[in-house]
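Thanks for coming, everyone. I'll take you through one model this morning. Please bring it up on your screens.

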Amino acid sequence: MITTIVTGYDGSPASETAVWWAAAEAVRRSARLRLTYALPLSLMSTPLGIPSVSSPTDMLRETTEHLLAEFAQRIRQSFPRLSIDAVVNFGGAAPALLQEANNAVLVVLGSRGLGEFRDLAMGSVSAHVATHATCPVVVVPPRWEPSRATGGVVVGVDGSTCSVEAIGFAFEQAEASQATLTAVMAWHDPVSTGPNDPLPAVYDLEVLEEESSALLAESMAGHRDRYPEVPVHKRLLRGTAHDVLLAAGRSAELLVVGSRGRGTFRGLLLGSTSRALVHHPPCPVAVVRGLRRTFRPMP
């Protein structure tokens, strides 16, 4: 069965970079690329002053479809075997992309865009989609160049359920791209995650480091058995998760994180570390949440 990778495009440089990344990924996975553009519904007032919603004109839709078709043709010139669908949706960008994600194995977005792709009441479209999508979401920084990547695939590990899913996705990516995989775990002094989580009066830093090292090894063990050909490096670094992963991602071809970690408040669907990395990605950042579709059959 042919799988689908969805990518959002709005004409911005960031979204164009994301589309090219998605196209290369689709070719590598023998997947179909679905190029998606969202035309916002415009608010108008009736003669009585009552707001109503009007759809974009047929001319605007035809113009948009023509521009998408031209862009799709440019992509085909570089990837002649790639199957591309170009679709125009009406309404907000985030709802349109989330709807498309229901039938996709991956959604790829630019970290910044034009219009609604840039600002939402709940944050950027990329963060909103990463929070609610049913499949992994990759956010690509503007003008990203693969030649800058020398560090292979990097995955953040913290022992949470989402972290386990992120590790599996990272192994798949490393195997597909024949890259090394670096598993990074941050450790630091205990911090309180809320009023019901008091700090211990006394703690031993050496013990904390040893416990973190054991958790890192345990988290990686089962996955290494499934992917014996993937070179793996483990790094235990002292510091906050955001700072450690940001530094590790500056030379990576892909940084993979879970949507929530152990220290995230339960009410948040996208953890503070994941959200920060999505807003300011040092490289393409993949956010993995919950159970996901796998690209690789179980042995």
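How many contacts beyond four places in sequence does the model have for residues 263-269, where pLDDT stays under 50? The count is 11. This is a predicted model, so confidence comes up front. Residues 115-123 also stay under 50 in pLDDT, and for that stretch the model has 20 contacts beyond four places in sequence. Be careful with such contacts. Where pLDDT is low, the coordinates should not be read in detail. For the chain as a whole, mean pLDDT is 81. A pLDDT of 70 or more is reached by 77% of the residues.

Now the overall layout. The chain has 299 residues, and 46% of them count as buried. It contains 8 helices and 12 strands. Take the contacts between residues at least 6 apart in sequence: 78% of them join residues at least 24 apart.

Next, helix packing. Two packed helices are described by the angle between their axes and the distance between the axes. Start with α3, residues 93-101, and α4, residues 125-132. Their axes come within 9 Å and cross at roughly 35°. The crossing is right-handed. On the α3 side, the residues are Ala93, Ala94, Leu97 and Leu98. They meet Val125, His128, Val129 and His132 of α4. By class, that contact has 6 nonpolar residues, 2 polar and no charged.

Stay with α4. Why call this helix largely enclosed by the rest of the structure? Because 7 of its 8 residues are buried. Those are Val125, Ser126, Ala127, His128, Val129, Ala130 and Thr131. What do they pack against? Two helices, α3 and α8, and three strands: β6 at 106-110, β7 at 137-140 and β12 at 285-288.

That brings in α8, which also packs with α7. Helix α7 covers residues 241-249, and α8 covers 272-279. The angle is about 35°, with the axes 9 Å apart. This crossing is right-handed too. From α7 come Ala241, His242, Leu245 and Leu246. From α8 come Thr273, Ala276 and Leu277. The split is 5 nonpolar, 2 polar and no charged residues.

Now a few single residues. Thr182 sits in strand β9, residues 181-187. Is it buried or exposed? Buried, because its relative accessible area is 10%, and the cut-off is under 20%. Beyond its neighbours within four places in sequence, Thr182 is in contact with Gly151, Val153, Val154, Val155, His233 and Arg235.

Gly222 belongs to helix α6, residues 205-226. At 45% relative accessible area, Gly222 is partly exposed. Compare its position with Gly168. The two are 54 residues apart in sequence, and their C-alpha atoms are 9.7 Å apart in space.

Last, the cysteines. A disulfide is a covalent bond between the sulfur atoms of two cysteines. How many disulfides does the model have? The count is 0, with a cut-off of 2.5 Å between sulfur atoms. Cys162 is buried at 11% relative accessibility. Cys283 is buried as well, at 0%.

To close, go back to the two stretches I began with. Residues 263-269 and 115-123 stay under 50 in pLDDT. Keep that in mind as you look around the model. I'll take questions now.

Terms used. Residues numbered from 1 in each chain as written. Predicted model: local features only at pLDDT ≥ 70, side-chain atom pairs only at ≥ 80, totals over all residues. Heavy atoms only, no water. Buried < 20%, exposed > 50% of the residue type's maximum accessible area, 1.4 Å probe, protein only. Axes fitted to C-alpha atoms, helices over the stretch in contact; angles between N-to-C directions. Helix = DSSP H or I, 4+ residues; strand = E, 2+ residues; numbered from the N terminus. Left-handed = near helix turned anticlockwise from the far one by under 90°. Contact = heavy atoms within 4.5 Å. Nonpolar A, V, L, I, M, F, W, Y, C, P; charged D, E, K, R; others polar. pLDDT = per-residue confidence, 0-100.
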